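Colleague: Could you take me through one part of this model in some detail? I would like to look closely at the main pocket, and then see how its surroundings fit into the rest of the chain.

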Amino acid sequence: MICGNEKNLKKILPYLTENIKKALLYIATADFSGMENGEYTIDGRDIFYRVNTYTTEKKELRRPESHNNYIDVQYLNRGSETIWYCPKRGDEIVIEDKSEENDVLFYAPIDEKDCVNLKSGDFAIFFPWELHRPNCSFGDVPSDVQKIVVKVKAF
């Protein structure tokens, strides 16, 4: 997992792959404020993004997830959110497999110890070898969020 803020992109860009750079640079220059929820293309199926608006929930109400084929670049345009994460260990129990249609696997509850707290302008990057539990409330306070999830082809 890599995290940061759009204001500090120049520091991190030299260390990233070209496609992740494209994703972050797109985020830094786009105006998402009036965008409708939905899926949009940056570079075909290699780099695309989804605009989502929702209210965060308690951690217990969210499911851990992972992706096989895409890296998630999760950018918070508005609101605050906690994302819990941990590496895949191989003993996790898949409770819903939507990998064929949406490249997402959902898991039975796990005991993640680490989290990242995102506020407007922050991003977090999750790789296929990591589990993450997004859309969680920051503390006990729900937040209305607009999040952009850029999907970057991993392989």
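Modeller: Happy to; I will begin with the pocket, move on to residues in the strands and loops around the chain, and end with the chain as a whole. Please keep in mind that this is a predicted model.

The largest pocket has a volume of about 300 Å³. Its lining is made up of 16 residues, and those closest to the pocket centre are Arg50, Asn52, Glu65, His67 and Val149. Five strands each give two or more residues to this lining: E3 (47-55), E5 (70-78), E8 (104-107), E11 (130-136) and E12 (144-153). If you are thinking about the chemical character of the site, the lining residues divide into 5 nonpolar, 5 polar and 6 charged.

Let us follow strand E3 first, since it is one of the strands that line the pocket. Phe48 sits in E3 and is buried, with a relative accessible area of 1%. Setting aside residues up to four places away in sequence, Phe48 touches Glu39, Tyr40, Thr41, Ile42, Tyr70, Val149, Val150 and Lys151. Val149 is a name you have met already, as it is among the residues closest to the pocket centre. The link from Phe48 to Lys151 spans 103 residues along the chain, yet their C-alpha atoms are separated by 5.4 Å.

Strand E11 also contributes to the pocket lining, and it holds Asn135. The backbone of Asn135 deserves a look: its phi is near 70°, a positive value in a residue other than glycine. Asn135 counts as buried because its relative accessible area is 15%, under the 20% cut-off. A second positive phi, near 50°, belongs to Asp103, again a residue other than glycine. Asp103 lies in the loop between H3 and E8, and it is buried at 6% relative accessible area.

On the helix side of that loop, Glu101 is placed in H3 (residues 99-102). What is its exposure, buried or exposed? Glu101 is exposed, with a relative accessible area of 53%. Its C-alpha atom is 29 Å from that of Asp31, with the two positions 70 residues apart in sequence numbering.

Past E8 we reach Glu112, in the loop between E8 and strand E9 (114-119). Glu112 is a charged residue and yet a buried one, with a relative accessible area of 4%. So what does its side chain pair with? It makes a polar contact with the side chain of Arg133, at 2.9 Å. Arg133 also appears among the wider contacts of Glu112, together with Lys59, Pro64, Trp84, Tyr85 and Cys86, when residues up to four places away in sequence are left out.

Strand E9 itself carries Cys115, which is partly exposed at 33% relative accessible area. Leaving out residues up to four places away in sequence, Cys115 touches Thr82, Ile83, Trp84 and Tyr85. Trp84 and Tyr85 are also on the contact list of Glu112. As for cysteine pairs, Cys115 and Cys86 are 29 residues apart in sequence, with 8.5 Å between their C-alpha atoms.

Those contacts of Cys115 bring us to strand E6 (residues 80-87), where Ser80 is also found. Ser80 counts as buried at 16% relative accessibility. Apart from neighbours within four places in sequence, Ser80 is in contact with Thr56, Leu118, Lys119, Phe138, Ser143 and Val145.

Now for the chain as a whole. It has 3 helices and 12 strands. The radius of gyration is 15 Å, close to the 15 Å that the globule rule gives for 155 residues, so the chain is as compact as a globular protein of that length. Along the principal axes, the C-alpha atoms fill a box of roughly 40 × 35 × 30 Å. Of the 155 residues, 47% count as buried. Finally, among contacts between residues at least 6 apart in sequence, 79% join residues at least 24 apart. The pairing of Phe48 with Lys151, described above, is one such contact.

Conventions. Residues are numbered from 1 along each chain as its sequence is written. This is a predicted model: local features need pLDDT of at least 70, side-chain atom pairs count only at pLDDT 80 or more; totals for chains, interfaces and linings use all residues. Side-chain values use heavy atoms; hydrogens and water are left out. On a 1 Å grid over the protein atoms alone, a cavity is a set of points where a 1.4 Å probe fits but cannot get out, and a pocket is an open set with protein on both sides within 12 Å along at least five of seven lines; lining residues have an atom within 4 Å of a point. Grid points are joined across faces, edges and corners, and a volume is the space filled by probe spheres set on the points. Helices (H or I, at least four residues) and strands (E, at least two) are DSSP runs, numbered from the N terminus. Buried means under 20% relative accessible area, exposed over 50%, partly exposed in between (1.4 Å probe, protein chains only). A polar contact is a pair of N or O atoms within 3.5 Å; within protein, one must be able to donate a hydrogen and the other to accept it, and residues adjacent in sequence count only if both atoms are side-chain atoms. Contact means heavy atoms within 4.5 Å. The radius of gyration is taken over C-alpha atoms; the globule rule is 2.2 Å times the number of residues to the power 0.38.
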